[in-house]
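Biologist: Could you take me closely through one helix pair in this model, and then through the pocket to which that pair contributes?

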Amino acid sequence: MKLHQGWRRLTPYGLVLPSVIVMCLIMLYPFVKTVEFSLRDYTLYSSHRPFVGLANFAKVMKAEWFGVVFKNTLAWSFWSMLFQMIMGLSVALFLHRPIPGARVVRSLVLLPWVMPGVVVSTIWPMLLSPLFGPVNDALLRLGLIQEPITFLGNIRTAMPSVISANVWSGFPFWVLMVTAGLQNIPDELYEAAAIDGANKWQQFRYVTLPHLSLILNITAVLSFIWSFNNLTLIFVMTKGGPLYFTRTMPLQIYFSGFQQHQIGQASALAVITFVFIAVAVFSYLRMTRRQEM
Amino acid sequence: MVRKGALIFLAILMATVLSMGALAQQVTTINFWTQTLDSRAAWQPMAEVIAEFEKANPDIKVKVEHIPFAQFDSKLIVAAEAGSPPDISDINWMNAKPWAQAGYLEPLDDYIAQSDVVSREMYYEAALVGEHDGQLYTLPQGTGTYMMFYNKDLFEKHGVAIPQDWNELVEAIRKLYNPPHYYGLVRGFGDALYVFDDFVNFVVQNDGYITDEAVTRARTDEPAFVDAFTFYVELVTKHNAAPPGYMEVASAQAHTLFAQEKAAMLVSGPWARGMLATENPDLNWGIFRIPGPEPGKYGAVVGGWQFGIWKGSKNKEAAWRFLEFISRPENAAKWASQLNLPWVKEARNYPPFSTDSFLGEFAEMLAYTRFHMPASPKIPEIAEAIHIELQMALLGMKTPKQATDALTQRINQILSN
């Protein structure tokens, strides 16, 4: 009888064991390997890969580009997330009203999000091209500029340009999430607020926002992480240039690992990135949870 | 009776299945990875050579995987590290020695010793870049080199003659400056390795060097290098050579700008012919040698591709037979015909090199060429350092002299690590 009960207790663990093993193989193994590589002098020019402790970390953190690249990554992720949120929230609120064709527009709005990153990053340089781009053409015709702007080749405009492409590509996800959140807010709350004399802004501030806060927090975290880890968009649009002005961590990891063949240093950068994101996201979630309590 | 019939049927079935299995076992499939895409015209002659090989060797089948250039090296490295490399692949000349050193490639000298076709002597000596510890790990395939492509109609319209030296090149650029319609010479700084080729052409013309022969010390502070650097930068900053947006233009876009008549000149290699034919078949273009600092003083870089058999290959013998077949002069000529110039000396005597004047001119240009610098694992880092300092000078953040001084410091630092 006791043996039978023991088996019954173990059965659930047995059932999840295969998934745990698969997860470990898929996620844990590459992670452990990356950490191991970061502690070795691992280049693709020598089969001898001695243990060097934290030397790779010291080397990349001392490199002239490290501070710039780190700052770029933060700016790129933060501004992308912020503008995606503003656009996503505005569009979702607008489409939530009973306007004709809202459903069709809502589906069309999703298009940039379902588009592959490579397509987005090919379209945008064409739009912004100083030679053929319609953006420059429009600005010239409107008399706002006298000469075409090299959006992606200018140190002042390159980062805002790639962020714009990222915002365009990512805001529909916010629309999707916020729309789902809005549909869960009971109409009675708005009616009650209206009876109490709340105007539209007050209804938004005291009814809509508190009900959306969980969704907004989760979407903000996801959006930040996705932008932080995004390689395709910048790689195709600017390759991190001009100079280091749009180079972000994932791009630097790619350059170090696959162009300069410094796998140890690339792994150290990957570990630093992972630790930073983990700490940032964990702190943010803790902070917002405390605020909610 | 029924049982006997069933047994006979089973026996026949088994014999058929087994013989089919045996037949299937006799065919070895080798995996060949190339960076030539099958959508390119250049692939056609290569595919013909492979078909001829399979016909002559019915026991070997070649399975080809086409990988875009931008991902080619990283895919090979990832596959090698994962223990599943191809049997044979293209190898970029810069990677030949480092990858041999890292133990990825199979040494070929034993195969060469037993071969009636392949010998070290059949190649231009400079092309044997896959040598490490006295062993050869890669066989030279082909190389590109650079010439100036020009728009004949625009030259005629502005009465521009073929420039013979740097001064005449500047003069031609000045005459062809016609914004926003077209500009003298397309430039592209969007890609470090593209800039590395484009820029070092001018360094070679001026007898400059990036490092010493042992790759221990930078030579980028020497006047020959500094003058070439200054001239290259001033082509854009002082003489308005390039269409706007040059800072973001990469190799493919540079060809597009030339094809669309936004620039009257383009520095490129034999591969440009196919690209221009696709992008603008009506373009009236020609080629001439990139003018040097003085008349008749030409120069350009070579590089190109090698073949290597991967150490993790399970079909090395079959891969070698394939490699041996491609290396026959007539096949080497055909293989390289649309993309490169073959490194096999005798291949020049076979069509299309013996009959095509465009390729013939490129082949003659080889007399004025050399590699960017001696093969070294540090090349990608050095190429990036050059790219950064060129951009600094182009953006006006440093003078050319300040940029070359900083470059010398950077390269020496890279070499000391």
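Modeller: What follows treats the helix pair and then the pocket. The model is a predicted one, and the pair consists of helix α15 (residues 379-394) of chain B and helix α16 (residues 400-416) of chain B, which pack at an angle of about 160° with their axes 9 Å apart. Since angles over 145 degrees count as roughly antiparallel, that angle makes α15(B) roughly antiparallel to α16(B). The crossing in which α15(B) passes α16(B) is right-handed. On the side of α15(B), the contact is made by B:E381, B:I382, B:A385, B:I386, B:I388, B:E389 and B:A393, while α16(B) brings B:P400, B:A403, B:A406, B:L407, B:R410, B:I411, B:I414 and B:L415. By class, the residues of this contact divide into twelve nonpolar, no polar and three charged.

Two of these contact residues, B:E381 of α15(B) and B:I414 of α16(B), also appear at the second largest pocket, where they are among the lining residues that lie nearest its centre, together with A:K59, A:Q265 and B:N417. That pocket has a volume of about 970 Å³ and is lined by 33 residues. At least two lining residues are supplied by each of α15 and α16 of chain B, and likewise by each of α2 (55-62), α12 (249-259) and α13 (263-292) of chain A. The largest share, six residues, comes from α2(A). Whereas the helix contact has no polar residues, the lining of the second largest pocket divides into 14 nonpolar, eleven polar and eight charged residues.

Conventions
Residues numbered from 1 in each chain as written. Chains lettered and ligands numbered in written order. Predicted model: local features only at pLDDT ≥ 70, side-chain atom pairs only at ≥ 80, totals over all residues. Heavy atoms only, no water. Axes fitted to C-alpha atoms, helices over the stretch in contact; angles between N-to-C directions. Helix = DSSP H or I, 4+ residues; strand = E, 2+ residues; numbered from the N terminus. Parallel < 35°, antiparallel > 145°, perpendicular 65-115°, else oblique. Left-handed = near helix turned anticlockwise from the far one by under 90°. Contact = heavy atoms within 4.5 Å. Nonpolar A, V, L, I, M, F, W, Y, C, P; charged D, E, K, R; others polar. 1 Å grid on protein atoms, 1.4 Å probe; cavity = no way out; pocket = protein on both sides within 12 Å on 5 of 7 lines; lining within 4 Å. Points joined across faces, edges and corners; volume = space filled by probe spheres on them.
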